[in-house]
Amino acid sequence: MGIFLILLSLALLVFLVFRGIPVFFSAVLASIFCLLTAQVFTGGMSVITGMTSTAQLADSTAKASYITGLASYFGNYFWMFILGAVFGKLYEVTGAANAIANGIISKFGEKAVIPAILIAGFVLTYGGVSVFVCFFALYPLMLSMFEKADISRKLIPAFYFAGAGTASGWMPGSPQLQNTIPAEALGVPYNAALVPGMIAGIFEMVLVFAWIYWCVKRSKQKGEHFEMSEADKKEIEKVKGLKLPGFLLSLVPMAILLVVLNFTSLGAPTSLFIGVLAALVCFMKQLNWKEIWPTLRSGLMGGVNSLFNTASVVGFGSVVQGTPAFATIIGGLTSISGNPLIVSTLAVAAMSGVCGSGTGGEGIALPIIKEYFVGSMSPAQIQGLARISGLASLTLDSLPHCGLVVTVIDYSGNTHKDSYIQAGVANVVIPIITLFVLIPLCFMFGFA
């Protein structure tokens, strides 16, 4: 009965998010429902205690509540979200993201549309630019390239997610949150399980390249063409004549961030801070210094909003963890798979799907995984666990209700009916296939 009630609470959360209820209110309502039903049918803690108790903040042995789950996540990852958002904002307002995209696309030429766009998306996001900022930097360029290559605009979301929304987020060394959160939570390097991670990442990129080539070929066989709208013309005009920083100069802050993150012990927050400072120095000519504080504030608020939404869902995870039936679920999952890596993969992927967010899925699942499994694992196995968690978070997170998916499809003038299947294969199906490659690789190289 208790397990059914937890599943019902999860279903309520998904339903409310699908209905467009803001994430915070969806999480609070689902948490209250979970606590109320658990108290009535299985003897769990009261709704008031489960929602408001702060005991765990002072005593780690106390039961978690909604507010302690939210507060702990918010505090633990505050600087990573904030500084990452500010770093991306600087790349946006200075045109550095556009400069990198322009540079890569021009080097490939107009005929190499597919590798140019996919590699540009990969480089920008692996370099630390958020997937939201990356999309708005690439979009005008994609429109221009699609027109010249006469590729149907309904493939824009698939192109974008194939390059910017797959391997760049979880591969070893990436400064994206899907990689840094598991590393921070489990205490491993950001390039943990380097060899199996790189092999699986290359495998994933080969698959998405092949898929996009097939989609374009299939689209042309069906007689589909690019149709330029008035909105498209305005998007292209926006970037014409902009004074952008040089291509190589635009890469410098990214390179500094990656080096500091992966070759020092300073940690993700300090690495991101150094990356922000490097961006301020490198792009000083492009920055409007009279508007610097509003610019930084805009990046700050974007990071706070993203962090708070994620922490809101993590609070729901804390409530679920405090129910009497939760231990039964963990025991059942362990008995089914017999291996912590398999359990973790299922947990992170499932929670990412529920939240429509990879970081949200990691936020709910990783504290539970750490409590129940890490103590019995070797350092190498924990590295494998972190790498697999990063990839698992980027599988079901991109189901149709994902905020980024909705934004990209709507902004590009498409519909889920026309564009989601192509995009979904790129950023849901192929990542799941990649999991079936990464897990055996971790066993093969001693990380499982």
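Below are short exercises on a predicted model, each with a worked solution.

Residues are numbered from 1 along each chain as its sequence is written. Local features need pLDDT of at least 70 and side-chain atom pairs count only at pLDDT 80 or more, while totals for chains, interfaces and linings use all residues; side-chain values use heavy atoms, with hydrogens and water left out.

**Exercise 1. Classify the ring pair of Phe-135 and Phe-136, then give the burial of each residue.**

Step 1. Take the criterion: rings of Phe, Tyr and Trp (its six-membered ring) pair if their centres lie within 6.5 Å. Planes under 30 degrees apart are stacked, over 60 edge-to-face, and the rest tilted.

Step 2. The structure holds 18 aromatic pairs. For Phe-135 and Phe-136 the centres are 5.2 Å apart and the planes stand at 65°, so this pair is edge-to-face.

Step 3. Now burial: under 20% relative accessible area is buried, over 50% exposed, and in between partly exposed (1.4 Å probe, protein chains only). Phe-135 has 1% and is therefore buried. Phe-136 has 36%, so Phe-136 is partly exposed.

**Exercise 2. Classify the pair of Phe-146 and Phe-159 and place both residues in helices.**

Step 1. The ring centres are 4.8 Å apart and the planes make 70°, which gives an edge-to-face pair.

Step 2. Helices (H or I, at least four residues) and strands (E, at least two) are DSSP runs, numbered from the N terminus. Phe-146 belongs to helix α9 (residues 131-149) and Phe-159 to helix α10 (residues 156-164). The two are 13 residues apart, and their pair links distant parts of the chain.

Step 3. Both Phe-146 and Phe-159 are buried.

**Exercise 3. Find the ring cluster that holds Tyr-411, and the ring under the charged end of Lys-107.**

Step 1. Follow the ring pairs: they link Tyr-411 with Phe-135, Phe-136, Tyr-139, Tyr-160 and Phe-161 in a cluster.

Step 2. A charge sits over a ring if NZ of Lys or CZ of Arg is within 6 Å of the ring centre and within 35 degrees of the ring normal. The charged end of Lys-107 sits over the ring of Phe-247, 4.5 Å from its centre.

**Exercise 4. Describe the surroundings of Ile-274.**

Step 1. Ile-274 lies in helix α16 (residues 268-282). Its relative accessible area is 26%, so Ile-274 is partly exposed.

Step 2. Contact means heavy atoms within 4.5 Å. Leaving out residues up to four places away in sequence, Ile-274 touches Ile-256, Val-260 and Leu-266.

Step 3. Phe-87 is 187 residues from Ile-274 along the chain, with 9.8 Å between the C-alpha atoms.

**Exercise 5. Examine the phi angles of Asp-150 and Ala-193.**

Step 1. Most residues other than glycine have a negative phi.

Step 2. Asp-150 has a positive phi of about 55°. Asp-150 is in the loop between α9 and α10. At 27% relative accessibility, Asp-150 is partly exposed.

Step 3. Ala-193 has a positive phi of about 50°. Its loop runs between α12 (177-186) and α13 (194-221). With a relative accessible area of 0%, Ala-193 is buried.

**Exercise 6. Which helix gives the most to the nonpolar patch?**

Step 1. Patch residues have over 30% relative accessible area and no salt bridge; like charges are joined within 9 Å, nonpolar side chains (Val, Leu, Ile, Met, Phe, Trp, Tyr) within 5 Å. A salt bridge is a side-chain nitrogen of Lys or Arg within 4 Å of a carboxyl oxygen of Asp or Glu.

Step 2. The members are Met-1, Phe-4, Leu-8, Leu-36, Val-40 and Phe-41. Together they have about 620 Å² of accessible area (Shrake-Rupley method, 1.4 Å probe, only the protein chains shown counting as cover for residues).

Step 3. α1 (2-18) and α2 (23-41) each supply at least two residues. α2 gives the most, with three. Met-1 lies in the segment before α1, and at 57% Met-1 is exposed.
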